[in-house]
Amino acid sequence: MIYLTLFIEFFKVGLFSFGGGFGMIPLIQDAIIRHNWMSEDAFYNFIGVCESTPGPIAVNMATYVGSTQAGLPGGIVATLGVITPSFFIILLIAAVIKNLTKNTYVQGFLYGIKPVILALILATGINMLLKSTGYVSLSEYDVNIPAIIILCLLAGIYFFIRRKWKQKLSAISLILLSAVLGIVVSLIAEHIR
């Protein structure tokens, strides 16, 4: 039964999400929390792990969640669930691509879905920011000072390099830099205590 549940939940994620991996995160979060497959804190931590490992975030999450719930077969079933809709949709689109891009209804659909994708990605980013800095609810704060320091240092370094050398840091550089900053800030915070 767990295999069917994993497949159906991740199939729905693959079928109803647009905008890439970040557009899928709210749907994945809903499925994971609803089935108690992972705590909310673990989910937010795992987003960071998925972003720093090769491959699409939805596939990484499906594989991990499936394997934690039902071993290797569960990982395979969940991964197949999340990629199956995209596979068939792309096959369908490839068959009719010439006429599809000029269709008024398709253009209207894509025009209407863009704000939703942006809102989902923005909401995910805000939730992750609030969660990582320790913001709990509207009425109480449990501020994570090291996380705020790391965020400010990372943003400062990024904008300094961008302004000084007119270059953007690659995603890999940002991940490595944030890991180093995390280690340094954690060591300093531990030493101060």
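**Notebook: helix packing and one pocket**

I counted the secondary structure of the protein chain first and got 7 helices and 0 strands, where helices (H or I, at least four residues) and strands (E, at least two) are DSSP runs numbered from the N terminus. The model is predicted, so I took local features only at pLDDT of at least 70 and side-chain atom pairs only at pLDDT 80 or more, while totals for chains, interfaces and linings use all residues. Residues are numbered from 1 along each chain as its sequence is written, and side-chain values use heavy atoms, with hydrogens and water left out.

Along the sequence I read the pattern α-α-α-α-α-α-α. The C-alpha atoms fill a box of roughly 60 × 45 × 35 Å along the principal axes.

**Entry: α1 and α2**

I looked up the axes of α1 and α2, which come within 9 Å and cross at roughly 160 degrees. Axes here are lines fitted to C-alpha atoms, for helices over the stretch in contact, and angles run from 0 to 180 degrees between N-to-C directions. The two helices α1 and α2 are therefore roughly antiparallel (under 35 degrees is roughly parallel, over 145 roughly antiparallel, 65 to 115 roughly perpendicular, the rest oblique). α1 passes α2 in a right-handed crossing (the near helix is turned clockwise from the far one by less than a right angle; anticlockwise would be left-handed). From α1, I listed Glu 9, Phe 10, Val 13, Gly 14 and Phe 16 in contact with Met 24, Leu 27, Ile 28, Ala 31 and Arg 34 of α2, contact meaning heavy atoms within 4.5 Å. By class I noted 7 nonpolar, 1 polar and 2 charged residues in the contact of α1 with α2 (Ala, Val, Leu, Ile, Met, Phe, Trp, Tyr, Cys and Pro count as nonpolar, Asp, Glu, Lys and Arg as charged, the others, Gly among them, as polar).

**Entry: α2 and α3**

For α2 (residues 21-34) and α3 (residues 40-52) I found axes that come within 11 Å and cross at roughly 145 degrees. This crossing of α2 and α3 is right-handed. On the α2 side I listed Phe 22, Ile 25, Ile 28, Gln 29, Ile 32 and Ile 33, and on the α3 side Glu 40, Phe 43, Tyr 44, Ile 47 and Glu 51. The contact of α2 with α3 divides into 8 nonpolar, 1 polar and 2 charged residues.

**Entry: α6 and α7**

I found α6 (residues 145-165) and α7 (residues 171-192) packed at about 140 degrees, their axes 10 Å apart. α6 and α7 are therefore oblique to each other, and their crossing is right-handed. In α6, Pro 146, Ile 149, Ile 150, Leu 153, Leu 154, Ile 157 and Tyr 158 meet Leu 174, Leu 177, Ser 178, Leu 181, Gly 182, Val 185 and Ala 189 in α7. I counted 12 nonpolar, 2 polar and no charged residues in the contact of α6 with α7.
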